[in-house]
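Trainee: Could we go through this one together before I set anything up?
Mentor: Gladly, let us put it on the screen.

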Amino acid sequence: MKLLFGNKKDDLLSRLKRQDPAAQKTFYDQSVKKFLSVAKTYVSDIYQAEDCVIKAFCKIFKHIESFRGEGNFEGWARKIVVNECLNFIKSRKTVFYLDDVHASVLEDLQEEIFEFDFNAQELLDQLPDAYRMVFNLYVIEEYSHQEIADTLNISLAVSKTQLFRAKEKLRKIYFQQQKQLKNELV
């Protein structure tokens, strides 16, 4: 798709900074599917995910002047989408963090490597919000446990615990689905 403003992203960015409606529409059209996909990994309900994306675009356009050109503009905008999703989840006040797995258990845990054919989004949608947030921030957004702890106002141990539990829950869900499929085929 050819940009209305030529091939340079800098040109689009400069027009966005001038609050050009045509540039805003172009950026929206180019980014909405990607951002909705990101939001869907945090917020399982599609309508709520769409609301988060709309709010994120409003913030992006309103605060575009705060983008200093350090790093990738799309990455900056994506972070706003992620933060909007996290704020939405926190506002529902249904996220509980449990901190009863000892750090030594987590350190001794060996990573297992699985190669399966499955729909990752369907699996992630079945995770509780707290597990899904930490899992997404760690695995998809590549935050460190310290960054997750700071972002979500939780301890480092809670971040590690939630990631551990998310992985365990994903394994259980996957194997239950495989067992069910196997039983249906027999």
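Trainee: What pattern does the protein chain follow, read along the sequence?
Mentor: Bearing in mind that this is a predicted model, the protein chain reads α-α-α-α-α-α-α-α-α along the sequence, with nine helices and zero strands.

Trainee: And how much of the protein chain is buried?
Mentor: Of the 186 residues in the protein chain, buried residues make up 39%.

Trainee: What share of the contacts comes from residues 24 or more positions apart?
Mentor: Taking the contacts in the protein chain with a separation of 6 or more, residues 24 or more positions apart account for 68% of them.

Trainee: Switching to helix packing, at what angle do the axes of α7 and α8 cross?
Mentor: Helix α7 covers residues 129–140 and helix α8 covers residues 145–152, and their axes, which come within 10 Å, cross at roughly 135 degrees. An angle between 115 and 145 degrees falls in the oblique class, and α7 and α8 are therefore oblique to each other.

Trainee: Is that crossing left-handed or right-handed?
Mentor: The crossing of α7 and α8 is right-handed.

Trainee: Which residues meet there?
Mentor: From α7 the residues are M133, V134, L137 and Y138, and they meet H145, I148 and L152 in α8. Sorted by class, this contact of α7 with α8 has six nonpolar residues, one polar residue and no charged ones.

Trainee: Now the rings: how many aromatic pairs are there?
Mentor: With ring centres required to lie within 6.5 Å, the count comes to 11 aromatic pairs. In one of them, F67 and F73, the ring centres are 5.2 Å apart and the planes stand at 70 degrees, so this pair is edge-to-face.

Trainee: Are F67 and F73 buried or exposed?
Mentor: F67 is buried, its relative accessible area being 5%, and F73 also counts as buried, at 13% relative accessibility.

Trainee: What about Y174 and F175, how are their rings arranged?
Mentor: The centres of the Y174 and F175 rings lie 5.5 Å apart with the planes at 70 degrees, so that pair is edge-to-face. As for exposure, Y174 counts as buried at 7% relative accessibility, whereas F175, at 40%, counts as partly exposed.

Trainee: Last one: which residues do ring pairs link into a cluster?
Mentor: The cluster linked by ring pairs consists of F27, Y28, F35, F57, F61, F67, F73 and W76, so you will meet F67 and F73 again there, the edge-to-face pair from before.

Methods
Residues numbered from 1 in each chain as written. Predicted model: local features only at pLDDT ≥ 70, side-chain atom pairs only at ≥ 80, totals over all residues. Heavy atoms only, no water. Axes fitted to C-alpha atoms, helices over the stretch in contact; angles between N-to-C directions. Helix = DSSP H or I, 4+ residues; strand = E, 2+ residues; numbered from the N terminus. Parallel < 35°, antiparallel > 145°, perpendicular 65-115°, else oblique. Left-handed = near helix turned anticlockwise from the far one by under 90°. Contact = heavy atoms within 4.5 Å. Nonpolar A, V, L, I, M, F, W, Y, C, P; charged D, E, K, R; others polar. Phe/Tyr/Trp six-rings, centres within 6.5 Å; stacked < 30°, edge-to-face > 60°. Buried < 20%, exposed > 50% of the residue type's maximum accessible area, 1.4 Å probe, protein only.
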